[in-house]
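Have the model open in a viewer with the sequence panel beside it, and follow the stops below in order. Each stop says what to select and then what is found there.

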Amino acid sequence: MLKLHLHWQKHRYSPRHPAYPGVVFLIALLMIHLSPFQLVAEEPSEGGEPASDRNNTVLEFSGSEPTVALVLSGGGALGFAHIGVIELIEDLNLPIDIVVGTSMGAIAGGLYATGYSAQDMAEVVGGIDWIGIFVETPARSRFSFREKADSRVYVARVDFERSGGLMLSPGIISGQRVLNLLALLTVEYADEDDFDALPRRFRAVAADIGTGEEVVIDSGSLAAAMRASMAVPGVFEPIELNGRMLVDGGIVNNLPTDIAKSLGADIIIAVDLEPELRPGKDLRGVSDVTAQTLSLLIDRNKEGKRDIADIVISPDLQGYTAASFGNSPELIERGRAAAELHREELEQLAEQIKAVRGRPERVERKRLREVVLSGVRIEGAVPQDAQRIRDLLDLQVGSPIQLEQLHSQVAELTNETAYRSVRYDLSRQDESQAELRIMLEPRRQSDYLIRLGFAYESHFTDIDEEQFVLALNAAATGLTTTGSQLSLTQELGRSQRTLLEYHQPIAGPYYIHALTRLDNLLTTQHETGDPNEQYRTTAGTAEMRAGLTLLSYAHMYLAYSVAGVYSRPRYSKDVSEPSFEGRVAGMTAAFEFDSLDRFPFPDRGAYYTMRFSDYADHFGSELEYRRAGINYRRYFSLTDRNVVSLHLRGEGSFDTQAPIWDSAWLGGREDLFGYDRFERRAHHLALAGVEYRFRLPNLPEPARERVFIALRANAAARSLGDGYDFLNDLGTASTENLDILWGTGLGLGVRTPIGAVQVDAALRDGPELRFYASVGNHF
């Protein structure tokens, strides 16, 4: 076996002791190259070792002790293999003086530099909520009430600046949750600006997206340095450090052995996660081509870097990809196996260094588990938000708090929809006290926006109420004050509606809302069986509302409206409803509450509306009638996969009869399962329904946690007669003058980016079997 004699000069650096408690986060590993390509080692030789590992060289030296550097490359989830390599290095008591990492390697390297052991990392990696870290959609509870209302209608939105340019995020993920978690993991070194002062010297490699230059980060915030190094372009937003916009270092130097050499390393151990280039004929679609391009770019910037290293460890990662976050144990084992091929070299190096230095002192983590807050500073928030955030956090200055609890509370602020990012750090004043600083960056508000909503439902029957409705909305915001909005909505389908609205907040939670509406409605009386029972109604309406928003959960308003209405039969005058042409004017009082945790397919919360309208002569109306109604839905989460919901609805028109264009209707999945949408008209109705929903487990992406099975049952009583008689019949359980309807069935639903996709089979009174298929959010 070849013996290589190397001579080193002693480096002045001597390692110091490290840091911190635990919830490690190799997660930021997801960062680099979230793509389908695989990273694999070189083809095994006949002896079973990768070609790059066959020269199992024994390193010998004489003279002063060497400085040893560990260089970790990027590779997304494949970087879990670094843990296996570090595990063997620790088992051999091989001291590492310098750690240099790129992208995921910077995360693993930064934690290792502060004292995290391989066991620490391995224990935590499997328990991380990867989706929760990277999915940054604010919790619906943080939406304003108007945003909640919009979320029930629109499935897509595009924002524009006043100049006309698109407002596009520089990355799909802001990365603030990643940054905050890294801050927690390195909290003991929050005040340490010099990376040479860490227990192991550390460097993170990033790229300046403005110039394309390599940036070696050696000071400042350790968490920010790691976050900058893993900011995959297009996936994570760049991070600004020292006036430079930084992105993933993998695009300029994915194996930074040259950086280690420049720091005075005498022996360099490199862990290289090599991309396998796929044949051109195997590339499928844009994602494959993009991944291959990135692989070529990264492979090119590593030219000559392997030659600088004394030991290159290339794990065999065949069968795994950069997105294999569910395979951490297997990837760690692959890293350990690759390191074992170099055991003889590493073992001899450890023994020779021990002969010079003596037994190396073990680097232990500092374990700061709680801190006493000496103060809380909130920066970047408007005054009313700052006080609200203080109340929300409920942090007691002068009292101890667990760091995990502190992080959990501050992490909730990432749901603040008015702010683009929420970061925090702890400025330690001594071993137990620290000041908490929360930094908020306001979200840039769009000047104009366009939204799209649509819904399709088929009943597979002869009834012509198969529906396709499309809603297009264009809005201009902030015309007068923050929160003001002028919007134009066009709804297209069997019926059409054009709606022009202006919303103006006034003092505090109060607002005024003005609208004009042009309706062209087509209504069918299905139950008569007469195909001529169709009515066309044209109406132009003006309405003024004065309202009050109650936190983000509810609003109430009082409105006056006046409309010019022309309603007539579509085909023949020989029908049950008379024509009408005239003015309809009246007052409406309404209350709406929304605490749903998500939409569609909520797990918990309630949504209900209450409304009373009075159209009378003293309001200037030529048609008099009254309507009152309540529609209540409540969702109960039994377990994380089982949800039960209750639906109650009641409507009535007292001793009057509402015209056909403003009547109450029953039918459809939401308002009488088993019946077609708008199949039954009612002047008075009472409905009760229950649904059990189960979320299917263990499905592959992209169906994971998005597919549901639902069992529904509902019943309704309706009347076209007098309201007081209807209430009397309900109270006495008399069915002689009531029409009793019921339905039950089973359905399958999928939550998608375009709303709910659902198919159902229902059994209704008769009995009759009905089927439904629908896509989108109904409005």
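Begin by selecting Ser421 together with Glu441, a residue of β17 that is the bridge partner of Ser421. The model is a predicted one, in which local features need pLDDT of at least 70 and side-chain atom pairs count only at pLDDT 80 or more, while totals for chains, interfaces and linings use all residues. Residues are numbered from 1 along each chain as its sequence is written, and side-chain values use heavy atoms, with hydrogens and water left out.

Now widen the selection to β16 and to strand β17 (residues 433-442), which pair in the antiparallel sense over nine bridges; two strands count as paired if DSSP finds at least two bridges between them. Strands here are DSSP runs of E with at least two residues, helices are runs of H or I with at least four, and both are numbered from the N terminus.

Add the remaining strands to see an open sheet of four, ordered β15-β14-β17-β16 with mixed pairing. β15 (400-402) and β16 (419-428) stand at the edges and have a single partner strand each, so one side of each lacks a neighbour in the sheet. On average, neighbouring strands of this sheet are turned by 45° against each other, direction ignored.

Select next helix α14 (residues 403-411), which packs on the sheet and touches β14 (370-379), β15, β16 and β17, where contact means heavy atoms within 4.5 Å. The direction of α14 makes about 75° with that of β15, axes being lines fitted to C-alpha atoms (for helices, over the stretch in contact) and angles running from 0 to 180 degrees between N-to-C directions.

Move on to strand β31 (residues 684-695) and strand β32 (residues 707-719), which run antiparallel and are joined by 12 bridges; within this pair, Glu691 stands opposite Arg712 in β32. β32 also pairs in the antiparallel sense with strand β33 (residues 739-752), over 12 bridges, and there Ala713 has Thr744 of β33 as its bridge partner.

How many residues of helix α6 (residues 176-185) are buried? The count is 10 of the 10, so α6 is largely enclosed by the rest of the structure; among them are Gln176, Arg177 and Asn180. Buried means under 20% relative accessible area, computed with a 1.4 Å probe and protein chains only.

Finally, show the whole chain, which has 15 helices and 35 strands, and in which buried residues make up 52% of the 779 residues.

Key
Buried < 20%, exposed > 50% of the residue type's maximum accessible area, 1.4 Å probe, protein only.
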